[in-house]
Amino acid sequence: MTVDPNAATQGFPSPGPARPRPARYLVPALVGAAVAVSLGAYGRIHDPAGTSFNLAGFSSTGAVKSWLATAALFFALVQVASALMLYGKLPGPRWSGALHRWSGRAAFLLAVPVAVHCLYALGYQTYETRVFWHSLLGCFFFGAFSAKMLLLRSERLPGWLLPLVGGLVFTVLTIIWLTSALWFFRTFGVTT
């Protein structure tokens, strides 16, 4: 075997694409955790006021919250469908991105008054399993949502991260709805 001294030498393998620093994901996760813990701490130490709002046309605050939560869940379902369109899993119009952004905004704006009432009027409760999970996941939802919003501004995210966090936010919102609005409708009837 002869070796050609003029042949190109074999170098080390190329380093490949630059890997994002873990802090890029750690900061949104820490902010989300801080939001969730802060909401839980406030709900736990705050003396519940019993009520904070009621809207004309509704029979009770529970009915208002249940219908607002149901509308938020509807827009969250639109979010999932429009995300599937954006990722090419479902056919969709060119304005799927706008639909995704605006349905997310609507879901969030409908969820905020419900959360404000829950925290101010009821606080963080643990007296029953359903209520405990509702309180815990309600705080977690706003933390996970905060983390998702911060991740949206990050560049070079892995393709799996945003759908994973978005799916987590949707799943938690669904469980919150099941432990509150669905429970209310099954217990008191579908009333306004």
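**Note on the pockets and aromatic contacts of a predicted model**

1. Four helices recur in what follows, and α2, α3, α4 and α5 each contribute at least two residues to the lining of the second largest pocket. The coordinates are those of a predicted model, and the remarks below should be read with that in mind.

2. The second largest pocket encloses about 730 Å³ of space. Its lining is made up of 34 residues, and those closest to the centre of the pocket are Lys65, Cys118, Leu122, His134 and Ser180. By residue class, the lining of the second largest pocket comprises 22 nonpolar, ten polar and two charged residues.

3. For the largest pocket, the computed volume is about 860 Å³. Its lining counts 28 residues, of which Gln79, His100, Lys148, Met149 and Gly166 are the closest to the pocket centre. Here the residue classes are 17 nonpolar, six polar and five charged.

4. Which helices each supply at least two residues of the lining of the largest pocket? They are α2, spanning 61-86, α3, spanning 96-122, α4, spanning 129-152, and α5, spanning 161-188. The helices α2, α3, α4 and α5 were also named above for the second largest pocket, where each of them likewise supplies at least two lining residues.

5. Turning to the aromatic side chains, the model contains ten aromatic pairs. One of them joins Phe141 and Phe142, whose ring centres are 4.9 Å apart and whose planes make an angle of 85°, an edge-to-face arrangement. Phe141 and Phe142 are both buried.

6. Why is the pair of Phe184 and Phe185 edge-to-face? The planes of the two rings stand at 70°, with the centres 6.1 Å apart, and an angle over 60 degrees is what places a pair in that class. As for accessibility, Phe184 counts as buried because its relative accessibility is 10%, and Phe185, with a relative accessible area of 11%, is buried as well; the cut-off applied in both cases is under 20%.

7. Phe184 and Phe185 also belong to a wider arrangement, since ring pairs link them with Trp67, Trp183 and Phe188 into a cluster. One member of this cluster, Trp183, has a charged neighbour too: Arg130 lies over the face of the Trp183 ring, 3.8 Å from the ring centre. A second contact of this kind involves Trp102, where the charged end of Arg105 sits over the ring at 4.5 Å from its centre.

8. Phe145 is located in helix α4, and with a relative accessibility of 15% it counts as buried, because the limit for that class is under 20%. Leaving aside residues up to four places away in sequence, Phe145 touches Phe108 and Val169. A further spatial relation is that between Phe145 and Leu168, which are 23 residues apart in sequence, while their C-alpha atoms are 9.1 Å apart in space.

9. Is Ser60, in the loop between α1 (23-45) and α2, buried, partly exposed or exposed? With a relative accessible area of 23%, Ser60 is partly exposed, since that class runs between the limits of 20% and 50%. The C-alpha atoms of Ser60 and Thr191 are separated by 9.4 Å, although the two residues are 131 residues apart along the chain.

Conventions. Residues numbered from 1 in each chain as written. Predicted model: local features only at pLDDT ≥ 70, side-chain atom pairs only at ≥ 80, totals over all residues. Heavy atoms only, no water. 1 Å grid on protein atoms, 1.4 Å probe; cavity = no way out; pocket = protein on both sides within 12 Å on 5 of 7 lines; lining within 4 Å. Points joined across faces, edges and corners; volume = space filled by probe spheres on them. Nonpolar A, V, L, I, M, F, W, Y, C, P; charged D, E, K, R; others polar. Phe/Tyr/Trp six-rings, centres within 6.5 Å; stacked < 30°, edge-to-face > 60°. Buried < 20%, exposed > 50% of the residue type's maximum accessible area, 1.4 Å probe, protein only. Lys NZ or Arg CZ within 6 Å of the ring centre and 35° of its normal. Contact = heavy atoms within 4.5 Å.
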